[in-house]
Amino acid sequence: MKIAVVGTGYVGLVTGTCFAETGNEVTCIDIDQRKVDKLSAGEITIYEPGLEKIFLRNLKEERLHFTTDLQSGIKDAKILFLALPTPPGEDGSADLKYVLGVAKELGKILDQYAVIVDKSTVPVGTAEKVHQAIAENSKVEFDVVSNPEFLREGVAVEDFMKPDRVVIGTDSERAKKLMNELYAPFVRSGNPLIFMDIRSAELTKYAANSFLATKITFMNEIAQLCEKMGADVDMVRLGIGSDARIGKRFLFPGIGYGGSCFPKDVQALVKSSVEVGYDFKILNAVMDVNERQKLHLIPKIKAYFNGELKGKKFALWGLAFKPNTDDIREAPALYMIEALLTEGATITAFDPEAMKNVKELVGDQIEFAENQYDALQDADALLIATEWNEFRTPDFLRIVKHMKNKVIFDGRNLFDTDTIRELGFHYESIGRSAVTQNNSHGQ
Ligand code: NAD
């Protein structure tokens, strides 16, 4: 089948590549000329495990094309995916200018029946707006379908190729048939293609992300209690996670959720709720707690150094908002960097994939190291903001050799506290008792 994907970011590039992988002919359209040039030349623009290999294969076999030209890009496409940004507007609601702008353009250039699919995360009622924006100019029949995307950055290819479920909101039998055909190869193992009405599909995406953000936040609050009550959050996590109703996943406490989805989607759902006269109390609390959690380590660091961070040198491991991605949108590490720089500290950071993006954002306000150990040179403390696998079992002797003080503040609970105690570190993490050493002091 011939399909088009408008917007070639994290979602669009994975969507386009994976549809090409199942034999479709896919054209990805983006307004960013540099991105299109790079992709056309075989240079991948995001870090996503497993993507480059199938991207190159499908490019070579000419099932995957890139262009900035919407009109030629959508030519003969039966299904057109909109994978455009929906960032928070000034009031927190999802800004639909990209989606509706493209919809308007499509209305002028569609020359045969097509299914227009909202893959972007959009508020309830958006498909109707997209329909209207296209219909204003269109002379041909078309259907608008909601097909929210549930892929997780870092495992996006796996999630797309083997989805837990595919949600499709449509009121058109014609569109349903085409979507069924397109997705059939992805649900062969029996995971469901769930067809529903458009509004329910739109809300499903916000409900899923808001629930997950709430689950993380709940554990972050339990972690706060653990610290105050002398309990160990890892034990509580194991204790509650064994209950099948609760489940083991998404129970890890840390320095808050970030990324391009949870923060903006929770905020947008709160805003949508207000618009229909409903006060979504839990989600308001989730946002408050998460704001606080992102800076949870800062007072601990300050207390350790007797309130004086000026001139202190910190090594920072992890910048991406989570492992296995170069995405730094709303990354807790960025909030920590800002807070520490304001206090007059200096920072040398290392991240396996995200340093380029952070460099573009903060320039030379911080230093970047070649590897995780170089970042530690003369550091007063090591801070951990992202749980990359390579940070989990480091060479502690190398760590000690490089650092000025044996001090670690761990926002992701990477290390076993008993091991760390034996190694003689001062170690503070989330929801667990601090490991202190008699001979450690803050100066
Ligand atoms: P992104 O910013 O990575 O990509 C968006 C792309 O759209 C960019 O390449 C941009 O240049 C392009 N673009 C902007 N205006 C355009 C236009 N007029 N014509 C063509 N291209 C245009 O965004 P993303 O992370 O891929 O997210 C896209 C949507 O998917 C959002 O609504 C997001 O909430 C949703 N989503 C994201 C994820 C995720 O993990 N990133 C997961 C599920 C859903």
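Which residues are exposed on the other side of α3? The answer is Lys53 and Lys60, where exposed stands for a relative accessible area over 50%, buried for under 20% and partly exposed for anything in between, with a 1.4 Å probe and protein chains only. The model behind this is predicted, so local features need pLDDT of at least 70 and side-chain atom pairs count only at pLDDT 80 or more, while totals for chains, interfaces and linings use all residues. Residues are numbered from 1 along each chain as its sequence is written, and side-chain values use heavy atoms, leaving out hydrogens and water.

Helix α3 spans residues 51-60, and its buried set is Leu51, Ile54, Phe55, Asn58 and Leu59. (Helices are DSSP runs of H or I with at least four residues, strands are runs of E with at least two, and both are numbered from the N terminus.) These buried residues sit on the same side of α3 because they cover an arc of only 135° around the axis, the arc being that of the directions from the helix axis to the C-beta atoms. The spacing fits the usual helix arithmetic: an α-helix has 3.6 residues a turn, so residues three or four places apart point the same way. The cover over the buried residues of α3 includes α1 (10-21), α2 (33-40), β3 (64-67) and α7 (156-161), with contact taken as heavy atoms within 4.5 Å. After α3 comes Glu62, which has a positive phi near 60°.

Positive phi turns up elsewhere too. Phe250, in the loop between α10 (233-241) and α11 (262-275), is not a glycine yet has phi near 65°; its relative accessible area of 32% makes it partly exposed. Glu330 lies in the loop between β9 (313-317) and α14 (332-342), with a positive phi of about 55° despite not being a glycine. At 35% relative accessible area, Glu330 is partly exposed.

As for cysteines, the disulfide count is 0 when a disulfide is a pair of cysteine sulfur atoms within 2.5 Å. For Cys18, the nearest cysteine sulfur belongs to Cys28 and is 11 Å away. Cys18 itself is buried, at 0% relative accessibility. Cys261 is in no disulfide either, the nearest cysteine sulfur being that of Cys18 at 16 Å, and Cys261 counts as partly exposed at 30%.

Finally, Glu422 belongs to helix α17 (residues 417-422) and is exposed, with a relative accessible area of 72%. Between Glu422 and Phe280 there are 47 Å in space, C-alpha to C-alpha, and the two are 142 residues apart in sequence.
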